Amino acid sequence: MDSWVRFNAQSQAKERVIRAAQYACTLLGSTLPKDAAAAEVRRTVSQLEAHMSLTRKLLRLGNSVEALEAAKRAIHLSDSVLRLCLTISHLNRAMYFACDNVLWAGKTGIISKLDQHKWSQRSFRYYLFALILNLTRDAYELHLLMEREAHSRTTKSPPSPSSSIPLPADHLSPLSLPATQPINFRWLYSQLHLVATVLYSNPPLLLDLVKNSCDIFIPLDRLGIYPTGPGFVGACGLASSVLSILTMVHPWLKLKP
């Protein structure tokens, strides 16, 4: 119950739920048959998706200020890589929200004769830059944790906090590979095992990495850089929305800072 109260109290909670419903409509619309019998259903789903998108834009009004405040906090981080990635990412998010607010004003008629395609493309560019920086941050943190875990194994020191959660019994050790395997294969296997160990021991990093990896296909598709189709975009958007909701219900799953 406490988790639900915290979730319901957050301003982004409703936007995340509507986002999940919006991409569920996108996924549903892509699975409907293209015949005339389903035309009315497809039209209804498309209209519902458009209404949800407009509602989300309304709920995001003023989010640029929050993103700028987050950038101000990130600029004081001691780690230079995290400071650079997070600060620029938050600034790109602020610009994305600002463009999105202008687009909302155009869709509602407040700003007449707005080039909605131009502003939509502009907002998705800022969104894409922010996601690239977020993924860079995830990769950097994964690299640090892998180095720490490898050092811990080499020195036979007690496990670090990042590896405090035991792996299931069915996880194989790199040493269990036959000695006849090529050295390159054994090295690759050991690295993959190390990645799996670190991610298994750090759920916040795993969730953030998966969420950002899903999200990045949305602007890539919208900008025409890597078209994947509405079905794939809907599935990715739905998955990332569910993961975002999960981090709101359980704040300990949110990657910090």
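Two residues are in contact when they have heavy atoms within 4.5 Å of each other. Keep that in mind for the exercises below.

This is a predicted model, where local features need pLDDT of at least 70, side-chain atom pairs count only at pLDDT 80 or more, and totals for chains, interfaces and linings use all residues. Residues are numbered from 1 along each chain as its sequence is written, and side-chain values use heavy atoms, with hydrogens and water left out.

**Exercise 1. The whole chain**

Work out which elements the protein chain has, and what share of its contacts with a separation of 6 or more joins residues 24 or more positions apart.

Solution.
- Start with the elements: helices (H or I, at least four residues) and strands (E, at least two) are DSSP runs, numbered from the N terminus.
- Count them, and you get 10 helices and 0 strands.
- Now the contacts: among those with a separation of 6 or more, 69% link residues 24 or more positions apart.
- Last, burial. Buried means under 20% relative accessible area, exposed means over 50%, and partly exposed is in between (1.4 Å probe, protein chains only). Of the 257 residues in the chain, 40% are buried.

**Exercise 2. How far to trust it**

Find the average pLDDT of the protein chain, and the residues over which pLDDT stays under 50.

Solution.
- pLDDT is the predictor's confidence in each residue, from 0 to 100.
- The protein chain averages 87, and 85% of the residues score at least 70.
- Over residues 162-175 the score stays under 50, and the model has 22 contacts beyond four places in sequence for them.
- Where pLDDT is low, the predicted coordinates should not be read in detail.

**Exercise 3. One helix, two sides**

Check the span of helix α4, then sort out its buried and exposed residues.

Solution.
- The expected span of a helix is 1.5 Å times one less than its number of residues.
- Helix α4 (residues 63-74) has 12 residues and should span 16 Å; its end C-alpha atoms are 16 Å apart, so the two agree.
- Its buried residues are Asn63, Ser64, Ala67, Ala70, Ala71 and Ala74.
- Looking down the axis of α4, these buried residues fall within an arc of 120°, so they line one face of the helix. The arc is that of the directions from the helix axis to the C-beta atoms.
- That buried set packs against α3 and α5.
- Over on the other side of α4, you'll find Val65, Lys72 and Arg73 exposed.

**Exercise 4. Into the core**

Name the residues that touch the most other members of the largest nonpolar core, and the helix that supplies the largest share.

Solution.
- A nonpolar core is a set of buried Ala, Val, Leu, Ile, Met, Phe, Trp, Tyr and Cys residues joined through side-chain atoms within 4.5 Å.
- The largest one has 14 residues, and Phe124, Tyr127, Leu128, Ile216 and Ile218 touch the most other members.
- At least two residues each come from α5 (80-107), α6 (116-155) and α9 (217-222).
- The largest share, 4 residues, belongs to α6.
- A second, separate core has 8 residues, including Leu142, Val198, Leu199 and Leu205.
- Back to tyrosine 127: leaving aside neighbours within four places in sequence, it is in contact with Arg19, Tyr96, Asp215 and Pro219.

**Exercise 5. Two residues of α3**

Is arginine 56 buried or exposed? Compare your answer with leucine 48, also by its accessible area.

Solution.
- Arginine 56 is found in helix α3, and its relative accessible area is 7%, so it is buried.
- Leaving aside neighbours within four places in sequence, arginine 56 is in contact with Glu15, Arg16, Ile18, Arg19, Gln22 and Tyr23.
- Leucine 48 is in α3 (residues 39-59) too, but with a relative accessible area of 40% leucine 48 is partly exposed.

**Exercise 6. Backbone oddities**

Find which residues a cis peptide bond joins, and where lysine 113 lies.

Solution.
- Most residues other than glycine have a negative phi, and most peptide bonds are trans.
- A cis bond joins lysine 256 and proline 257, with omega about 5°.
- Lysine 256 sits in the segment after α10 (230-249), and with a relative accessible area of 56% lysine 256 is exposed.
- Lysine 113 lies in the loop between α5 and α6. Its phi is positive, near 55°.
- At 88% relative accessible area, lysine 113 is exposed.
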